[in-house]
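Open the model in your viewer and keep the sequence panel beside it. The stops below say what to select next and what is there.

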Amino acid sequence: MYRLESPVPIVAETILLYPSNKVELYINGVSVPFPLWLRKIHGCKISRKSQITELANYLNGVYTDNSDNKFLEELGASRYALKKTYSVAVIRFALLLRYTSLSGYELVCEYLDLPSTRYLRTFTSGEINVDSFIKKITDSIDKDLSQRNLCSITFDEMFLDRDARYTGSEFVGINQEFIPYESIYCFMVNFMEISKSFILHTLPLVKSTSDIIEETIISLLQRLSNTCLKVVALVCDNCRLNISVYRKLIARFGQDGDLFIKFNGVKIYLLYDVVHLIKTIRNNWYRFGTFTLPSFSYNVDVFSINCLEKAKANWAFLPRLFHRDSSLKCYLRKAPLLSETAVNPSQNKLSVKLALAIFDIRNATALVQYFNESSDGSTTAEFIKIIYVWWSIVNSKSAIHPQRISRGIAEDSDNYNYLLYFANWVSRWKDSHLPD
């Protein structure tokens, strides 16, 4: 609600809440996309009163940002430019509107200087020019790819309307069931020996299906198999859609229980992104509260891990640790990364930083010091050690890191042996049918 000099109020921000707890957001009568945290809730439904306040703050931020005016000013200035250049916001808006309604996009183009549909096809074309792609990579890295050709394909969804502001149809970005469109899937090539990534393909999707993504992956693998590149892995997050894609690929090119497929005689491993895995571990622990663990005994670098069979790692010790430790001055705290948000991540489950704050090795030391009389407190510390070491190894970016566990993985190395033991431990945990 905003007032000008007149005493009559002008409604700028509107939140429509339906009996089913579904919601619509408007600014000056124009529909706006949902905040990212609401999109992650199935059906985009409000579950508690405090979320109304959060939506009001979100709308206030959108209103004061004044992005609509900047967006229109950019389009107006580009009309008279000799060489057209478009910002990321304009490209996102154009792609989303184009693949929501072609006729609507053509109509808007008569009034606004948006990119042509031919130009947009350079971002979304299903037919990639492999030769130009390889030349682009070679020119960028200035090296012979035939000697460094091992690579992986990473794919993930992107919400094109995440940062855009709209002045068009009220359903741009949201369908009539209030479900946001997952606008595109992005496929990237990542090299094993070169720290560079290249976008290979983007797939516009109004409705994401595992069949479409599976066929796209097969097409990309087929085209790259005729080049000097050797794809040895596929990498994605472990959402249900991607799990379904992997299952379909295994059913088509592998065998049940395998973690790889064979495509044109080449073994391609199916991997999940470790960043999403550590968030999943944190989220499941936070959700269930207690993990009943199988035994784990391993000596790592300067400390050892000893977890007894059927011992319990209890999340409840983390809030207790934070409140006890936060009473100290900042330079005396034994668990400095813990915060109120880290131990209660109900609305911040996508934050990698908060997940890593839980599995900080200093938390394990602090738990032992504060709760040495509790066996569950000690087990909680051991579980944090287990995940901390695993993360340090799989997230390694250098072979010469001063900490041994943060160095690259080499066959028969300590890190390699730990991963084998860790994988066996996870398998025993799965087969043991322990509670939680």
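The tour begins with the whole chain and then moves through cores, single residues, charged pairs and a surface patch.

**The whole chain**

Start with a cartoon view, and keep in mind that this is a predicted model. The secondary structure consists of 16 helices and 13 strands. The chain has 436 residues, and 41% of them count as buried. Switch on a surface: the accessible area is about 23900 Å², with 53% of it belonging to carbon and sulfur atoms. Among contacts with a separation of 6 or more, 63% are between residues 24 or more positions apart.

**The nonpolar cores**

Select Trp285, Phe383 and Tyr418. These are the residues with the most contacts inside the largest nonpolar core, which has 44 residues. Helix α15 provides the largest share of this core, with 10 residues.

Now keep Trp285 alone and show what surrounds it. Beyond its neighbours up to four places away in sequence, Trp285 touches Phe291, Ala313, Asn314, Trp315, Leu318, Ile358, Phe359, Thr380, Phe383 and Ile384. Then move to Phe155, Val189, Leu229 and Leu234, which are included in a second, separate core of 31 residues.

**Thr216 in helix α8**

Select residues 210-224, which form helix α8, and find Thr216 within it. Thr216 has a relative accessible area of 12%, so it counts as buried. Leaving out residues up to four places away in sequence, its contacts are Phe187, His201 and Leu203.

Stay in this region of the sequence and add Glu214 and Glu215, together with Arg252. A network of salt bridges links these three residues.

**Asp237 in its loop**

Next, select Asp237 in the loop that runs between β7 (230-236) and α9 (240-253). Is Asp237 buried or exposed? Its relative accessibility is 5%, so Asp237 counts as buried.

Show side chains around it. Not counting neighbours within four places in sequence, Asp237 is in contact with Asp156, Glu157, Asn242, Tyr272, Asp273 and His276. Two polar partners can be picked out here. The side chain of Asn242 makes a polar contact of 3.0 Å with that of Asp237. The backbone nitrogen of Cys239 is reached by the Asp237 side chain at 3.1 Å.

For a link across the sequence, draw a distance from Asp237 to Thr154. They are 83 residues apart along the chain, and their C-alpha atoms are separated by 9.2 Å.

**Asp325 and its two partners**

Select Asp325, Arg333 and Tyr370. Asp325 and Arg333 form a salt bridge through their side chains, with an N to O distance of 3.0 Å. Both of these residues are buried.

Tyr370 belongs to helix α14 (residues 361-370). Tyr370 is also buried, because its relative accessible area is 12%. Its side chain joins that of Asp325 in a polar contact of 2.9 Å. Tyr370 and Asp325 are 45 residues apart in sequence, while their C-alpha atoms lie 8.8 Å apart in space. Expand the selection around Tyr370: outside the residues up to four places away in sequence, it touches Leu321, Arg324, Asp325, Leu328 and Lys334.

**A patch on the surface**

Leu328 leads to the next stop. Together with Tyr331 and Leu332, Leu328 makes a nonpolar surface patch of about 320 Å². Tyr331 sits in the loop between α11 (317-325) and α12 (340-343). With a relative accessible area of 61%, Tyr331 is exposed.

**Two more salt bridges**

The chain has a count of 7 salt bridges. Two further pairs close the tour.

Select Lys385 and Glu382, whose side chains meet in a salt bridge at 3.4 Å, N to O. Why are Lys385 and Glu382 separated by about one helical turn? They are 3 residues apart in helix α15 (residues 375-394), and this spacing is about one helical turn. Lys385 and Glu382 are both buried.

Finish with Glu54 and Arg48. Their side chains form a salt bridge of 3.9 Å, N to O. Glu54 is partly exposed, at 27% relative accessibility. Arg48 is partly exposed too, at 33%.

Conventions. Residues numbered from 1 in each chain as written. Predicted model: local features only at pLDDT ≥ 70, side-chain atom pairs only at ≥ 80, totals over all residues. Heavy atoms only, no water. Salt bridge = Lys/Arg side-chain N within 4 Å of Asp/Glu carboxyl O. Buried < 20%, exposed > 50% of the residue type's maximum accessible area, 1.4 Å probe, protein only. Helix = DSSP H or I, 4+ residues; strand = E, 2+ residues; numbered from the N terminus. Contact = heavy atoms within 4.5 Å. Areas by Shrake-Rupley, 256 points an atom, 1.4 Å probe, with all protein chains shown as cover. Core = buried A, V, L, I, M, F, W, Y, C linked by side-chain atoms within 4.5 Å. Patch = residues over 30% accessible without salt bridge, like charges linked within 9 Å, V, L, I, M, F, W, Y side chains within 5 Å. Polar contact = N/O pair within 3.5 Å; in protein donor to acceptor, adjacent residues only side chain to side chain.
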